[in-house]
Amino acid sequence: MNNRKTYAMIDCDALAHNLKCIKKKTSKALIAVLKANAYGHGDLPVAEIAMREGCIMVAVSSLDEAIALRNQGFQDEILILGYVDPKDFDESKKAHVTLSVISFDWIKELLVLHKDLSGMSFHIKIDSGMNRIGLKLQEEINTTIQLIEDHQGIVEGIFSHYACADEDSKDMCEKQFNFFKKIVLETHHAFKWIHIENSAAVVSYEDDFTNAARIGLVMYGISPVECSLDVNPVLSLVSHISCIKKVHQGETIGYGATYTANKECIIATLPIGYADGLLRANQSRCVFCDGEYAPIVGRICMDQCMIQLNHWVEVNTPVEIISQRIPLTAMAKDLNTIPYEILCLLSDRITRIFLQNGKEIKRINQRLHN
Ligand SMILES: Cc1ncc(COP(=O)(O)O)c(C=O)c1O
């Protein structure tokens with residue numbers, strides 16, 4: 001798979017640059033969000049750069065993601081933003097992670113199973129309007145803090161999450177922020193970290209109450225809102241021509257014979273398909289090859305797709321699928337989705353190549369466990 005010549009190129013300099021830009025924009029402590037293999041970029045390399053650039057911790061979605069980082073030798077603080085089964089408390093303790101209290105039932109269940117929380121840190125998740133996870137009732141929140149401390153746990157943080165920070169209207173943000181602030185103040189607890197901002201909020205709805213921000217997309221160089229931050233996309237997606245041929249007028253391309261050549265044309269094949277995360281909806285969108293934009297013709301297969309070129313190129317010629325010329329944001333718009341989804345769906349078949357000063361410094365293919 002390392003030999004498939006379809007690569008996600010990860011520009012480590014762009015990542016470091018983006019973090020510097022974000023640090024200039026906000027004085028808050030930064031929590032680097034590394035869910036879903038760092039939005040498809042590669043969790044450990046991103047974690048290392050984030051900590052080097054001054055982030056205070058990283059955040060993942062699950063215990064599995066945290067353990068994956070620990071197994072690769074990552075030693076700094078990891079906050080798990082989502083649900084961890086209370087039965088997995090011992091494993092969580094062993095992995096030395098910070099847990100989120102996602103509901104009142106959750107903390108009660110944990111305390112039935114484990115009376116001694118010593119050495120464990122918790123952040124209390126407040127549901128300020130997403131209605132996803134979190135506590136809402138002041139009394140339950142205060143009791144949660146008390147229970148954790150009574151059982152020798154550490155209540156390190158409290159946080160919430162905006163539902164609409166990427167929208168023009170900030171009405172929902174305001175409602176959520178006011179709710180969250182009131183809850184935090186009424187706990188009368190000295191939290192080390194208070195956080196609600198995500199990328200969109202850092203860029204467009206900063207508050208003067210919280211002291212940390214959880215940054216995802218903007219760190220990867222894509223802003224979810226119009227922004228004056230000079231961030232650059234970290235990931236580009238490149239494949240290479242595996243096969244090239246002339247096709248006669250009237251011949252069809254691919255499954256379902258959905259594309260018919262209306263004249264003699266040049267068709268090239270790429271070793272990338274929907275199993276790699278190149279969604280079938282990309283059919284007829286353009287890639288860039290040897291100076292020309294070339295449409296994907298016929299249906300995208302599981303492992304391959306075909307493009308139509310105006311001129312002959314050699315096998316192994318590189319083809320840009322996501323790049324400066326073919327921005328991820330444009331792709332997301334065309335596919336009626338969001339950049340997050342496209343990044344997260346880039347599969348573990350794709351080798352990630354990490355670049356510094358334009359030179360390869362590391363290559364990871366998760367399928368090959370390297
Ligand atoms: C709880 C939580 N915090 C922070 C983030 C980061 O969001 P963004 O990538 O928009 O910065 C996410 C992303 O989904 C999230 O679920």
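**Exercise 1. The ten-stranded sheet**

Work out the order in which the strands of the open sheet of ten strands lie, and find which of them are the edge strands.

*Solution.* In this predicted model, begin by following the open sheet of ten strands from one side to the other, which gives the order β11-β14-β17-β16-β15-β18-β10-β1-β19-β20, with mixed pairing. Next, look at the two ends of that order, where β11 (243-247) and β20 (359-364) are the edge strands, each of them pairing on one side only. From one strand to the next, the twist of this sheet averages 35°.

As a further step, take one pair of neighbours, strand β10 (residues 235-240) and strand β18 (residues 318-322), which are joined in the antiparallel sense over four bridges. If you start from L237, you will find that the bridge partner in β18 is I322.

**Exercise 2. A helix on the sheet and its neighbour**

Describe how α1 lies with respect to β1 and β19, and then decide how α1 and α3 are oriented to each other.

*Solution.* The helix α1 lies across β1 (7-11) and β19 (351-356), and its direction makes an angle of about 45° with β1. Turning to the second part, the axes of helix α1 (residues 12-25) and helix α3 (residues 43-52) come within 10 Å and cross at roughly 40°. Angles under 35 degrees count as roughly parallel and those of 65 to 115 as roughly perpendicular, and α1 and α3 are therefore oblique to each other. The crossing in which α1 passes α3 is right-handed.

To see which residues make this contact, note that C12, L15, A16 and L19 on the side of α1 meet P45, V46, I49 and A50 on the side of α3. Sorted by class, the contact of α1 with α3 has eight nonpolar residues, with no polar and no charged ones.

**Exercise 3. The eight-stranded sheet**

Determine the strand order and the sense of pairing in the open sheet formed by eight strands.

*Solution.* Strands of a sheet pair through backbone hydrogen bonds, and they may do so either parallel or antiparallel. Here the eight strands are arranged in the order β4-β3-β2-β9-β8-β7-β6-β5, and their pairing is parallel. The edge strands, each with pairing on one side only, are β4 (78-80) and β5 (99-101), while the twist averages 30° from one strand to the next.

For a closer look at one pair, consider strand β7 (residues 154-159) and strand β8 (residues 193-197), which run parallel and are joined by three bridges. Within this pair, G157 has W193 in β8 as its bridge partner.

**Exercise 4. Two packings of α7**

Classify the packing of α7 against α6 and against α8, and list the residues that meet in each contact.

*Solution.* Start with helix α6 (residues 104-113), whose axis comes within 10 Å of that of α7 and crosses it at roughly 25°. This angle makes α6 roughly parallel to α7, and their crossing is left-handed. From α6, the residues F104, I107 and L111 take part, and from α7 the residues E140, T144 and L147. The residues of this contact of α6 with α7 divide into four nonpolar, one polar and one charged.

Continue with helix α7 (residues 138-150) and helix α8 (residues 171-187), which pack at an angle of about 45° with their axes 10 Å apart. That angle makes α7 oblique to α8, and the crossing of α7 and α8 is right-handed. The residues Q138, I141, N142 and I145 in α7 meet I183, E186 and T187 in α8. By class, this contact of α7 with α8 has three nonpolar, three polar and one charged residues.

**Exercise 5. Around the ligand**

Identify the residues that surround the ligand, and sort the shell by class.

*Solution.* Going along the sequence, the ligand is surrounded by V33, L81, H161, N198, S199, A200, R214, I215, G216, L217, V218 and P224. The elements that give two or more residues to this shell around the ligand are α9 (199-204) and β9 (212-215). When the shell is sorted by class, it has seven nonpolar, four polar and one charged residues.

Terms used:
Residues numbered from 1 in each chain as written. Predicted model: local features only at pLDDT ≥ 70, side-chain atom pairs only at ≥ 80, totals over all residues. Axes fitted to C-alpha atoms, helices over the stretch in contact; angles between N-to-C directions. Parallel < 35°, antiparallel > 145°, perpendicular 65-115°, else oblique. Left-handed = near helix turned anticlockwise from the far one by under 90°. Contact = placed C-beta atoms within 7 Å. Nonpolar A, V, L, I, M, F, W, Y, C, P; charged D, E, K, R; others polar. Near = placed C-beta within 6 Å. Pairing = 2+ DSSP bridges.
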